[in-house]
Amino acid sequence: MSTLLKIDASAQLQDRSLTRKLTALFERTFVNVAPHTQVVSRDVGQTPPPFIDHRFIHAAFTLPQEREAWMGDHLAISDELIDEVIAADIIVMGVPMYNYGMPASLKAWFDQVARIGKTFSFDLNRGDFPIEPILSGKHLVVLSARGEFGFVPGGVRADKNALDPALAACAHYLGVSSKAIETVTIEYQEFKDDRHRASVAEAQTRTAEIAHRLASSFAFKPSSERGVSHHSCQ
């Protein structure tokens, strides 16, 4: 049985959110192919995680056996979010582009999940690259919507795309390699013309195709090969 973690980051409600409609389509398609899938839903758009502060940083960088009681309280949400990531085989994110980057609520989620001793280790003996991810073997599907267009490499707004590079840079905290990221985008949302309608239709088709393919592959993959994770003590 595979586990699908669905994350919605849109501030819009279901009836107005294009990304929420895509994540719902992905979930339906995936479960239809692999009906025993466990789905975990996390709506950071409607219920944003708290921003990290000095107390979180103090607690996170204190060895577990040396933490005071209050530190556990400040790490509780982080622990919960990280456990969801650890359990997941596939992570699907509904991510609208806000001001050319990711929604603040999703950035807050990443800041809670990227934690020393839980999702990455840090060792200066590795030289100039001391950070190493702890999790591995997961797949990330990004379902996005953009008001404008041309954000792909070579596009007319490629230099303004702060969303895709940020997601790719943070994916290793989730146990996702650069080759295990798939992105589907709806563009021209502000134009509301035929180009936008065509983009929506294409995104829906691609979303369903990816969900079907991944569900088919995970339905018969041994559990030992799915969502491989290794824990290390902080």
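Select P96 first: in this predicted model, P96 stands opposite A145 of strand 6. Widening the selection to strand 3 and strand 6 shows two strands that run parallel and are joined by 7 bridges.

Next, display strand 6 alone, residues 138-145. How many of its residues are buried? The count is 8 of 8, so strand 6 is mostly covered under the criterion that buried means under 20% relative accessible area. Colour the side chains by direction: K138, L140, V142 and S144 point one way from the strand, whereas H139, V141, L143 and A145 point the other way, and all are buried. In a regular strand, side chains alternate between the two faces of the sheet.

Now add strand 7, residues 176-186. Strand 6 and strand 7 pair in the parallel sense over 7 bridges. Two positions along this pairing merit labels. L140 has I181 in strand 7 as its bridge partner, and S144 stands opposite T185 in strand 7.

With these strands on screen, extend the view to the whole sheet. Its 5 strands form an open sheet with parallel pairing, in the order 2-1-3-6-7. Which strands lie at the edges? They are strand 2 and strand 7, each of which pairs on one side only. From one strand to the next, the twist averages 15°. Helix 5, residues 163-170, should be selected at this point: helix 5 packs on the sheet and touches strand 3 (90-96), strand 6 and strand 7. The direction of helix 5 makes about 155° with that of strand 3.

Move to helix 4, residues 104-113, which is mostly covered, with 7 of its 10 residues buried. Select S105, L106, A108, W109, F110, Q112 and V113 to see the buried residues of helix 4. What do they pack against? Their surroundings comprise strand 1 (3-8), strand 2, helix 2, helix 3 (69-87), strand 3 and helix 5.

The final stop is on the surface. Select I52, I57 and F61, which form a nonpolar patch there, with about 290 Å² of accessible area together. I52 itself is found in the loop between strand 2 (38-43) and helix 2 (54-60). Is I52 buried, partly exposed or exposed? Its relative accessibility is 33%, and therefore I52 counts as partly exposed, the class between under 20% for buried and over 50% for exposed.

Conventions:
Residues are numbered from 1 along each chain as its sequence is written. This is a predicted model: local features need pLDDT of at least 70, side-chain atom pairs count only at pLDDT 80 or more; totals for chains, interfaces and linings use all residues. Side-chain values use heavy atoms; hydrogens and water are left out. Patches are made of residues with over 30% relative accessible area and no salt bridge: like charges are joined within 9 Å, nonpolar side chains (Val, Leu, Ile, Met, Phe, Trp, Tyr) within 5 Å. Accessible areas come from the Shrake-Rupley method with a 1.4 Å probe; for residues, only the protein chains shown count as cover. A salt bridge is a side-chain nitrogen of Lys or Arg within 4 Å of a carboxyl oxygen of Asp or Glu. Helices (H or I, at least four residues) and strands (E, at least two) are DSSP runs, numbered from the N terminus. Buried means under 20% relative accessible area, exposed over 50%, partly exposed in between (1.4 Å probe, protein chains only). Two strands pair if DSSP finds at least two bridges between them. Axes are lines fitted to C-alpha atoms, for helices over the stretch in contact, and angles run from 0 to 180 degrees between N-to-C directions. Contact means heavy atoms within 4.5 Å.
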